[in-house]
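Reader: I would like to go through this model feature by feature. For each one, give me the general idea and then the case at hand.

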Amino acid sequence: MMYYIEKPQTWSPANKKCAEIQKFVAQYENCLVADDGSRDALIKEIRHKVEELNAAYPCTKKLKVNFSFTSDYISCVPEEKKIFDEYVFAFHFYPVKRTYDVVKEGGEI
């Protein structure tokens with residue numbers, strides 16, 4: 001299945017580490033993801049970036065990335081959340097239900 005990422009939702013960054021991960025995921029705004037394998041690779045890439053930043057900023061709260069296969073929803077939160085809505089970023093992988101190709105569909109420009 002092909003997916004679409006509209007815009008990662010972000011909150012005011014608590015520190016430089018959060019700002020860096022938000023900048024990293026911002027590159028995926030309006031992005032098409034080719035299939036389930038590509039989606040899984042993207043999740044792995046984001047998790048790797050979060051691990052790198054956790055190592056680079058050891059005095060800050062450790063961040064973790066959660067993914068729900070049932071809702072195709074990814075989010076980044078502190079490992080030990082003290083506040084319910086303590087998110088760094090979140091976004092959905094929306095399924096692409098249809099693509100339109102003017103040549104295949106018989107339309108005219």
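Reader: What volume does the largest pocket have?

Author: Rolling a probe the size of a water molecule over the atoms shows where empty space is left. In this predicted model, the largest pocket comes out at about 180 Å³.

Reader: Which residues lie nearest the centre of the largest pocket?

Author: They are Ala14, Cys18, Pro78, Glu86 and Val88, out of a lining of 14 residues. Helix 1, residues 16-26, supplies the largest share of that lining, with three residues.

Reader: How do the residues of the lining divide into nonpolar, polar and charged?

Author: Eight of them are nonpolar, three are polar and three are charged.

Reader: Now the sheets. What is the order of the strands in the open sheet of four?

Author: Strands of a sheet pair through backbone hydrogen bonds, either parallel or antiparallel. Here the four strands follow the order 2-6-5-4, and the pairing is antiparallel. Strand 2 (9-10) and strand 4 (63-68) each have a single partner strand and stand at the edges, so one side of each lacks a neighbour in the sheet.

Reader: How many bridges pair strand 4 and strand 5?

Author: Six, in the antiparallel sense. As one example of the register, Val65 has Cys76 of strand 5 as its bridge partner.

Reader: And how many bridges join strand 5 to strand 6?

Author: Four bridges join strand 5 (residues 73-78) to strand 6 (residues 89-92), again with the two running antiparallel. Ile74 has Phe91 of strand 6 as its bridge partner, and Cys76 stands opposite Phe89 in strand 6. Cys76 can therefore be followed across the sheet, with Val65 as a bridge partner and Phe89 opposite it in strand 6.

Reader: Is strand 5 mostly covered or mostly open?

Author: Mostly covered, since five of its six residues are buried. For a strand in general, remember that in a regular strand the side chains alternate between the two faces of the sheet.

Reader: How many residues lie between the strands in the hairpin of strand 4 and strand 5?

Author: There are four residues between the strands, and Asp72 takes a positive phi near 50° in this hairpin. Asp72 is not a glycine, which is the point to note about its phi. With a relative accessible area of 12%, Asp72 is buried.

Reader: Which other residue has a positive phi although it is not a glycine?

Author: Asn30, with a phi of about 55°. Asn30 belongs to the loop between helix 1 and strand 3. At 48% relative accessibility, Asn30 is partly exposed, whereas Asp72 is buried.

Reader: What is the order of strands in the open sheet of three?

Author: The order is 3-1-7, with antiparallel pairing. Strand 3 (31-33) and strand 7 (94-95) are at the edges with a single partner strand each, so each has one side without a neighbour in the sheet. Strand 1 (residues 3-5) is joined to strand 3 by three bridges, and the two run antiparallel. Tyr4 has Leu32 of strand 3 as its bridge partner.

Reader: Next, the rings. How many aromatic pairs does the structure hold?

Author: Seven. One of them is the stacked pair of Phe89 and Phe91, at 6.1 Å centre to centre with 20° between the planes. The angle is what makes it stacked, because planes under 30 degrees apart count as such. Phe89 is buried, at 0% relative accessible area, and so is Phe91, at 4%.

Reader: Which residues do ring pairs link into a cluster?

Author: The cluster holds Tyr3, Phe67, Phe69, Phe89, Phe91 and Phe93. The stacked pair of Phe89 and Phe91 thus belongs to a cluster that also takes in Tyr3 and Phe67, among others.

Reader: Last, the cysteines. How many disulfides does the structure hold?

Author: A disulfide is a covalent bond between the sulfur atoms of two cysteines. This structure holds zero. For Cys31, the nearest cysteine sulfur is that of Cys76, 18 Å away. For Cys59, the nearest is that of Cys18, 14 Å away. Neither distance qualifies, because the two sulfur atoms would have to be within 2.5 Å.

Reader: Is Cys59 buried or exposed?

Author: Cys59 is exposed, with a relative accessible area of 81%.

How values were computed. Residues are numbered from 1 along each chain as its sequence is written. This is a predicted model: local features need pLDDT of at least 70, side-chain atom pairs count only at pLDDT 80 or more; totals for chains, interfaces and linings use all residues. Side-chain values use heavy atoms; hydrogens and water are left out. Rings of Phe, Tyr and Trp (its six-membered ring) pair if their centres lie within 6.5 Å; planes under 30 degrees apart count as stacked, over 60 as edge-to-face and the rest as tilted. Buried means under 20% relative accessible area, exposed over 50%, partly exposed in between (1.4 Å probe, protein chains only). On a 1 Å grid over the protein atoms alone, a cavity is a set of points where a 1.4 Å probe fits but cannot get out, and a pocket is an open set with protein on both sides within 12 Å along at least five of seven lines; lining residues have an atom within 4 Å of a point. Grid points are joined across faces, edges and corners, and a volume is the space filled by probe spheres set on the points. Ala, Val, Leu, Ile, Met, Phe, Trp, Tyr, Cys and Pro count as nonpolar, Asp, Glu, Lys and Arg as charged, and the others, Gly among them, as polar. Two strands pair if DSSP finds at least two bridges between them.
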